[in-house]
Amino acid sequence: LFFCLKLKMATDAAQAPTTSVAAPQKKFYRQRAHANPLADHDFHTPESPAHVEWHKHFPAFRKAGDGCDASHQVEFLDVGCGYGGLLVELAPMYPDTLMLGMEIRMKVSDYVRDRVTALRAQHLGSYGNISVERTNAMKYLCNYFQKGQLTKMFFLYPDPHFKRAKHKHRIINTSLLAEYAYVMAIGGIVYVITDVVDMFQWMVRHLSEHPLFEQLPDDQVRADPIVPKLYESTEEGQKVYRNKALGQNHGDGDVRVAVFRRIADPEA
């Protein structure tokens with residue numbers, strides 16, 4: 001009887017569903033810090049937003065067919081999401097909001113995908129609202145999002161491209177801001193943060209000069225619950241603060257944040 005009982009317990013344990021999925025280790029996904037955004041990369045790019053297979057990114061929000069529930073579209077976009085730290089921070093804060101990270105580096109995007117898979121298995125019912133796509137946001141943003149779809153965009157510690165000849169590679173520039181304005185909803189928010197003063201001034205100047213964005217005053221920035229998450233949620237942010245303590249920053253060590261709102265098109 002005792003043997004049969006032990007056998008039954010072992011059988012039940014073997015048949016029971018498991019949620020033990022190990023988190024990925026970064027040491028197996030390391031890649032150089034930046035990639036050339038103007039180089040040709042091998043991406044699987046959808047023809048249009050209607051061709052994006054969102055049901056594969058967010059199966060918990062899947063409807064009948066090959067899409068997501070009509071009431072759920074991606075609203076938050078982290079451009080150059082790195083290892084996904086911001087997405088993981090925001091997921092429980094906004095559990096009904098779909099969020100996507102775009103990352104150009106293959107190994108890094110693989111890490112984020114495996115990290116999300118592990119989190120979903122370890123915390124059943126959670127983290128189903130975040131995902132990652134390996135792509136080049138500078139080239140293919142409008143292949144993923146409809147006009148006025150996004151309510152928040154994040155640019156955390158972007159590559160400053162110090163050399164003047166490389167400024168065309170910067171993720172904030174006049175032509176790209178036109179695309180960001182197109183995919184953002186009226187009232188949508190853009191967050192930028194960096195420890196490089198020249199890059200900060202560049203981003204603020206370009207956003208301020210664009211007719212469809214206005215900078216939020218300091219009191220509104222301080223009241224935004226997302227802003228505190230911008231500083232050290234990402235690996236790049238954590239590295240900035242580590243290096244600041246050692247006096248080894250490539251910037252001046254002071255982290256600066258600016259927040260802008262997408263405003264309505266001026267009347268013709």
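**View A. K239 and E236 sit three residues apart in helix α10, about one turn of the helix.** Helix α10 covers residues 235-246 and holds both partners. This is a predicted model, so read every distance here as a computed one. The two side chains meet in a salt bridge, with 3.4 Å from N to O. What about exposure: are K239 and E236 buried or exposed? Neither end of that scale fits: K239 is partly exposed at a relative accessible area of 32%, and E236 is partly exposed too, at 23%. A search of the whole structure turns up eight salt bridges, and the next two views pick out others.

**View B. D198 and R170 make a salt bridge at 2.9 Å, N to O.** Here the partners come from separate parts of the chain: D198 belongs to helix α7 (residues 197-209), while R170 is in the loop between β4 (150-156) and α6 (174-183), so the pair ties together parts that are 28 residues apart in sequence. Exposure splits the pair as well. D198 is partly exposed, with a relative accessible area of 38%, whereas R170 is buried at 0%. R170 has another contact worth a look: R170 lies over the face of W202, 4.7 Å from the ring centre.

**View C. R105 and E103 pair up in a salt bridge, and both are buried.** The N to O distance between these side chains is 2.7 Å. Keep E103 in the frame and look for G84 as well: the C-alpha atoms of G84 and E103 are 9.2 Å apart in space, with their positions 19 residues apart in sequence. G84 is found in the loop between β1 and α3. At 2% relative accessibility, G84 is buried.

**View D. W54 and F145 belong to a cluster of linked rings.** The cluster is made of W54, F58, Y144 and F145, joined through ring pairs. For the whole structure, the count of aromatic pairs comes to eight. How are the rings of W54 and F145 arranged? Their centres are 6.1 Å apart and their planes meet at 25 degrees; stacked means under 30 degrees, so this pair is stacked. The contact joins distant parts of the chain, with W54 in helix α2 (residues 54-57) and F145 in the loop between α5 (137-140) and β4, 91 residues apart. Both W54 and F145 are buried.

**View E. F76 and Y94 form an edge-to-face pair.** Their ring centres are 5.3 Å apart, and the angle between the planes is 70 degrees. F76 comes from strand β1 (residues 74-79) and Y94 from the loop between α3 (85-90) and β2 (98-103), so the rings link distant parts of the chain, 18 residues apart. F76 is buried, with a relative accessible area of 4%. Y94 is partly exposed at 22%.

**View F. Y127 and Y157 have positive phi values, though neither is a glycine.** Why point this out? Most residues other than glycine have a negative phi. For Y127, phi is near 65 degrees. Y127 is found in the loop between α4 (106-122) and β3 (130-134), and is buried with a relative accessible area of 16%. For Y157, phi is about 50 degrees. Y157 is in the loop between β4 and α6, and Y157 is buried as well, at 6%.

**View G. The second largest pocket has a volume of about 440 Å³.** How many residues line the second largest pocket? There are 21, and the ones nearest its centre are K56, H57, R113, V132 and E133. The elements that give two or more residues to this lining are α2, α4 and β3. If you're thinking about the chemistry of the walls, the lining of the second largest pocket divides into eight nonpolar, six polar and seven charged residues.

Definitions and conventions. Residues numbered from 1 in each chain as written. Predicted model: local features only at pLDDT ≥ 70, side-chain atom pairs only at ≥ 80, totals over all residues. Heavy atoms only, no water. Salt bridge = Lys/Arg side-chain N within 4 Å of Asp/Glu carboxyl O. Buried < 20%, exposed > 50% of the residue type's maximum accessible area, 1.4 Å probe, protein only. Helix = DSSP H or I, 4+ residues; strand = E, 2+ residues; numbered from the N terminus. Phe/Tyr/Trp six-rings, centres within 6.5 Å; stacked < 30°, edge-to-face > 60°. Lys NZ or Arg CZ within 6 Å of the ring centre and 35° of its normal. 1 Å grid on protein atoms, 1.4 Å probe; cavity = no way out; pocket = protein on both sides within 12 Å on 5 of 7 lines; lining within 4 Å. Points joined across faces, edges and corners; volume = space filled by probe spheres on them. Nonpolar A, V, L, I, M, F, W, Y, C, P; charged D, E, K, R; others polar.
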